[in-house]
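These are my notes from a walk through one model. I wrote them down in the order I looked things up.

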Amino acid sequence: MQKKLVIVESPAKAKTIERFLGEGYTVLSSKGHIRDLKEKDFSIDLDNNYKPLYEVPAEKKELVANLKKASNKADVVWLATDEDREGEAIAWHLYEVLGLNEAKTRRIVFHEITKTAIQKAIENPRTINLNLVNAQQARRVLDRIVGFELSPILWKKIKPALSAGRVQSVTVRLVVEREREINNFKTEASYRVTALFNVTDTTGKNVELKSELNKRFATKEEARAFLEKCNGTDFVVEQIETKPTKQKPAPPFTTSTLQQEAARKFSFPVGLTMRIAQKLYEAGKITYMRTDSVNLSDLALSTAKQEIITIAGEKYHTFRQYHTKSKGAQEAHEAIRPTDINQHTIEGSQQEKKLYELIWKRTIASQMSDAELEKTVISIKISDCTEKFISTGETIKFDGFLKVYLESTDDEQEQKSKEMLPKLSVGQPLELLIAEAQERFTQHPPRYTEASLVRKLEELGIGRPSTYAPTISTILNREYVDKKEIENPPTAYDLLTLKNGKIKEVRKEDKATVDKGKLSPTSIGFVVNDFLIEHFPDIMDYNFTAKVETDFDEIAEGKIEWTKSIDQFYKKFHPNVTEALENTGKKTGERQLGIDPKSGKPVFVKIGRFGAIAQIGEKSSEEKPRFASLRSNQTLETITLEEALDLFKLPMDLGEFENEIMTVAVGRFGPYVRHGKVFVSLPKDEDPLEMTLEKAIQLIKDKRTADANRQIKSFPAEDIFILNGQFGAYIAHNGKNYKIPKGKTPADLSVEECLQIIGDCEKIKTQKTSGKRSPRKATTKK
DNA sequence: CAGTGAGCGAGCTTCCGCTTGACTT
């Protein structure tokens, strides 16, 4: 019997497919790319027409060896990698590295994992599309050129270990430009007028009606004048308009919409959403989670239909086929959906359950009928006024998909109440109970969240489903952007109230709010961004990716050679690199804030070796300048002279406690109090400049009790301590930490048992390290 | 882990897209 080998990208997919194919077939996976440009080397031969120098990375050697063994034994090898640029390239690398030949190799693709789809694919093989492979090589080489030529410029001109790239740098740009919009935003005040009426409805009952004026007033005087006009005048129902509207369900999830909705509904960071989705995928609960497609398989469409009819009835079902709108989508997979649509819930962690149910609801809702609504607008005429009061209401005539699921919105404005309005008739009078004119302020555009930034990237066609979450991690790890709580101070506003014929004015205050999980640029982020925009405007253009994608498409269609396309790019790009290296000095983002009133010396802020610093005095002067690091919530761009001068008040002596001096200062890990050799971090909301001796003593005392509780048991003679740590109890000995095996009660351990555990751990460690090293050495020898 | 920013130089850092583990005391 013939031996048949199928290679796919994902192990989970391999398992499923093996089940469908049955006897005679072995299905293995490549786990993504098996070969790439060398990790730490430019690896593009510029003297040899951009020839890429590929290597199998160390961690893939074993896997490749196993694939080679299997393919040598096989009579036929099907390369079933994804149907997109990257998938085609993986197939080609497999072909090359495994030493396959045309006679025994078949290239197949499928977009859904069903028995019929797979069998059909097996029956319709093709050969590897080298044009598509070359489009991928162009993509890969371009990204390497951009990343590995730009990053070193930043190391020289700004700070070591920074990075730049086609995707990450424009991502940072989005955050930087939004922050500047916010900084330049001028809030404007206006007066919003609302009214509460008493009215008799068509059944003769007395009811209340809320209404809002169709105009806002720019000044308090105008608002007051209007309320005076309202006082004692007549109000009449002028018009009642009802119109039916429809609401459509949202399409099934793609990676980016899943990330957005999990963020809105559960506040999940995008990385968490992906980790949970990966678990669900590996357990066979959902289809592939890195996709840009909204397409559902025929099987999914028909089971969804049955399910909807069972749970809600025939009229709730509407057959819908969705089409991807996002730029550069490659649609190698289905939308994200439950593999088994009959299953409404699953077993698993709370987070897994939540995410699964969200996916289930979204999938089901996407095949349900439109919701039918009726919108009612009542306009109220005010005697002798051109302005009108307007009441709007909405009622659901048929819930349709709303029975299951409603997509959330990012809109932070208060949701307008969608209540039912009373039945009234045109011409009837209303009695005004209260009218209020409230001062409102325009809001600056919102900072991006992880998820809203991903949405923007997708909109611009920048990045891919597999890179959205990692890109966010990169710009956070490089400290170009910060995810932190941003406090909005309380805002005071004026409120005019007309009641019982009198107008009263009060000053009120909205509570302070805290923005959580919002992204804002750091000082480094600002400086790197400005440098790149100045010298590499083409790369930093939001349309750069879209432009190169059209080149890649032409390569894929065989219209142009990939090396020619890269050459055109490089000939323009590289001179910019040389120019930036040769003709620019250090870029520090230096800014003079003013003069220090004490010394009369100038005060600067700039990027130093370890980040943003403030500086008093100049280097050239006789006296050395003084330096102080900026706090994590300050940036070069926004810090004021006063705030900068405050930084120099630290470290500050607080006084003595137990014959030791106490100081307060700000270190690498934030503000702290020091007492001799003991350090204690300040609580989050505590301002170091407000620190007193009393508060500092309390902090030290608190730390002492915490330390005492930390210790479960100790054998000082043997230098063994059983301590409570972040991840539970552990043993500390000779400067090292050891895990306590499961099933042991930490408090009951004896010295002997502890020594036993320490001995065992040491043994395992040496085994692990030697075991890992030997095969690697063996492979490198070959 | 709780500074640092004199200057020099060696040696290091870096991209995007595919994929899944190993692993926290």
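Before I start on strands: two strands pair if DSSP finds at least two bridges between them. I also keep in mind that this is a predicted model.

**Entry 1: the parallel sheet**

I began with β1 (residues 4-8), which is joined to β7 (residues 76-79) by 4 bridges, the two running parallel. Looking along that pair, I found Val6 opposite Trp78 in β7. Both strands belong to an open sheet of 4 strands with parallel pairing, and I read its order as β2-β1-β7-β8. At the edges I have β2 and β8 (105-107), each pairing on one side only. From one strand to the next, the twist averages 20 degrees.

Then I checked what lies over this sheet. Helix α1 (residues 11-21) lies across β1 and β2, and I note an angle of about 170 degrees between α1 and β2.

Just past β2 I stopped at a loop, the one between β2 (25-29) and β3 (36-37), where Lys31 sits. Lys31 is not a glycine, yet its phi is positive, about 50 degrees.

**Entry 2: around DNA strand B**

Which residues come nearest to DNA strand B? I got Ala161, Tyr288, Phe610, Tyr672 and Tyr730, out of 56 residues around the strand. Of the atoms of DNA strand B that come within 4 Å of the protein, 57% are sugar and phosphate.

I looked up three polar contacts here. The side chain of Arg139 has an N or O atom 2.8 Å from a base oxygen of DNA strand B. For Arg464, an N or O atom of the side chain is 3.4 Å from a phosphate oxygen. Gly32 uses its backbone instead, with a polar atom 3.3 Å from a sugar or linking oxygen.

How do the residues of this surface divide by type? I have 19 nonpolar, 19 polar and 18 charged.

Several elements supply at least two residues each to the surface, among them α5 (130-157), α9 (270-282), β26 (678-681) and α20 (751-781). The biggest giver is α5, with 9 residues.

**Entry 3: α5 and its partner helix**

Since α5 had come up, I followed it to α17 (residues 562-583). Their axes come within 10 Å and cross at roughly 5 degrees. That angle makes α5 roughly parallel to α17. From α5, the residues that meet α17 include Val141, Leu142, Ile145 and Ile153, and the α17 side includes Trp562, Ile566, Phe569 and Phe573. I have the residues of this contact down as 15 nonpolar, 3 polar and 3 charged.

**Entry 4: the antiparallel sheet**

Next I went to a second open sheet, also of 4 strands, in the order β23-β24-β25-β26 with antiparallel pairing. Why is one side of β23 (652-657) and of β26 left without a neighbour in the sheet? Both stand at the edges with a single partner strand each, so one side of each has no neighbour there. The twist averages 25 degrees from one strand to the next.

Between β23 and β24 (residues 660-667) I found 5 bridges, and Gly655 has Met662 in β24 as its bridge partner. The loop between these two strands holds Glu658, whose phi is positive, near 50 degrees, though Glu658 is a residue other than glycine.

At the other end, β25 and β26 pair over 4 bridges in the antiparallel sense. Tyr672, which I had already noted as one of the residues nearest DNA strand B, has Ser681 in β26 as its bridge partner. The hairpin of β25 and β26 has 2 residues between the strands, and Gly676 takes a positive phi near 60 degrees there.

Helix α19 (residues 693-710) lies across β23, β24, β25 (670-675) and β26, and runs at about 65 degrees to β23.

Just before β23 I spotted a cis peptide bond between Leu650 and Pro651, with omega about -5 degrees. Pro651 is in the loop between α18 (641-647) and β23.

**Entry 5: a pair with 12 bridges**

Last, I looked at β11 (residues 235-247). β11 pairs with β12 (residues 371-382) in the antiparallel sense, over 12 bridges, and Ile240 stands opposite Ile378 in β12. With β14 (residues 429-441), β11 has 2 bridges, again antiparallel. There I matched Phe235 with its bridge partner Leu430 in β14.

Notes: Residues are numbered from 1 along each chain as its sequence is written. Chains are lettered from A and ligands numbered from 1 in the order in which they are written. This is a predicted model: local features need pLDDT of at least 70, side-chain atom pairs count only at pLDDT 80 or more; totals for chains, interfaces and linings use all residues. Side-chain values use heavy atoms; hydrogens and water are left out. A residue is near a molecule or strand if one of its heavy atoms lies within 4 Å of it. A polar contact is a pair of N or O atoms within 3.5 Å; within protein, one must be able to donate a hydrogen and the other to accept it, and residues adjacent in sequence count only if both atoms are side-chain atoms. Ala, Val, Leu, Ile, Met, Phe, Trp, Tyr, Cys and Pro count as nonpolar, Asp, Glu, Lys and Arg as charged, and the others, Gly among them, as polar. Axes are lines fitted to C-alpha atoms, for helices over the stretch in contact, and angles run from 0 to 180 degrees between N-to-C directions. Angles under 35 degrees count as roughly parallel, over 145 as roughly antiparallel, 65 to 115 as roughly perpendicular and the rest as oblique. Contact means heavy atoms within 4.5 Å.
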